[in-house]
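User: Please take a close look at one part of this model and explain how its charged side chains are arranged.

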Amino acid sequence: MFVEYGLECSRALSTSLGTPYLPACKILILPTGFANKQYTKTGVGLERGKRSLERFVAKGGTLLVFGPLVPEYEYEWLPFSLKYVMEENSCTPRPVGEHEAQKLIENIVPPAGCDGYFSETDAEVVLEDERGRPIMVAKGIGEGMIVATTIHELPAAEFFECRAVCTRKVKA
């Protein structure tokens, strides 16, 4: 997908957060299933890297977080309140106001795959499902932004183009 979009990307271990081994970047992506130990060990370094993630975003970076794929999850390592409930289904995302994070789904023809919803947050809700449950939230931190979503689809190139223009090269 990244090659198709003409973007550079590299895989980084969550344990490299806050170390000189994490290359300079504009966007960090936590993939679907990041907290599910059946799929990955990514969740292990998140709590330890909490301050580094916040500094990365505050300096202009974008943190894009997909669903954790566990029955219930509290994002204790984020600088705002966010709780997730897993419920795999198809949904038609509905915008709540206008927000640049909505560009993430510009290529999706509904219904979209969704792995759950957010049961609690103090971030801005930017997309809901048909039942009015938050499925994408965004929170500005300093010069950057954190976007969390439960949509289980490939992100649109428009989101990356916007974030590349809106952010500068930063280092976690």
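Analyst: What follows describes one loop residue and the salt bridges around it.

This is a predicted model, in which local features need pLDDT of at least 70, side-chain atom pairs count only at pLDDT 80 or more, and totals for chains, interfaces and linings use all residues. Residues are numbered from 1 along each chain as its sequence is written, and side-chain values use heavy atoms, with hydrogens and water left out.

Asp129 lies in the loop between strand 7 (124-128) and strand 8 (134-141); strands (E, at least two residues) are DSSP runs numbered from the N terminus. Asp129 is buried, at 4% relative accessible area. Buried means under 20%, exposed over 50%, and partly exposed in between, using a 1.4 Å probe and protein chains only. Apart from residues up to four places away in sequence, Asp129 touches Cys91, Thr92, Arg94 and Ile135, where contact means heavy atoms within 4.5 Å. The side chain of Asp129 also reaches the backbone nitrogen of Arg131 at 3.0 Å.

Side chains of opposite charge can pair when their charged atoms come close. A salt bridge here is a side-chain nitrogen of Lys or Arg within 4 Å of a carboxyl oxygen of Asp or Glu. Asp129 forms one with Arg133, with the closest N and O atoms 2.8 Å apart. Arg133 is buried, as is Asp129. Salt bridges that share partners join Glu87, Asp129, Arg131 and Arg133 into one network.

Within this group, Arg131 pairs with Glu87, the closest N and O atoms being 3.6 Å apart. That pair links distant parts of the chain, 44 residues apart, with Glu87 in strand 4 and Arg131 in the loop between strand 7 and strand 8. Arg131 is exposed at 62% relative accessibility, whereas Glu87 is partly exposed at 28%.

Methods:
Helices (H or I, at least four residues) and strands (E, at least two) are DSSP runs, numbered from the N terminus. A polar contact is a pair of N or O atoms within 3.5 Å; within protein, one must be able to donate a hydrogen and the other to accept it, and residues adjacent in sequence count only if both atoms are side-chain atoms.
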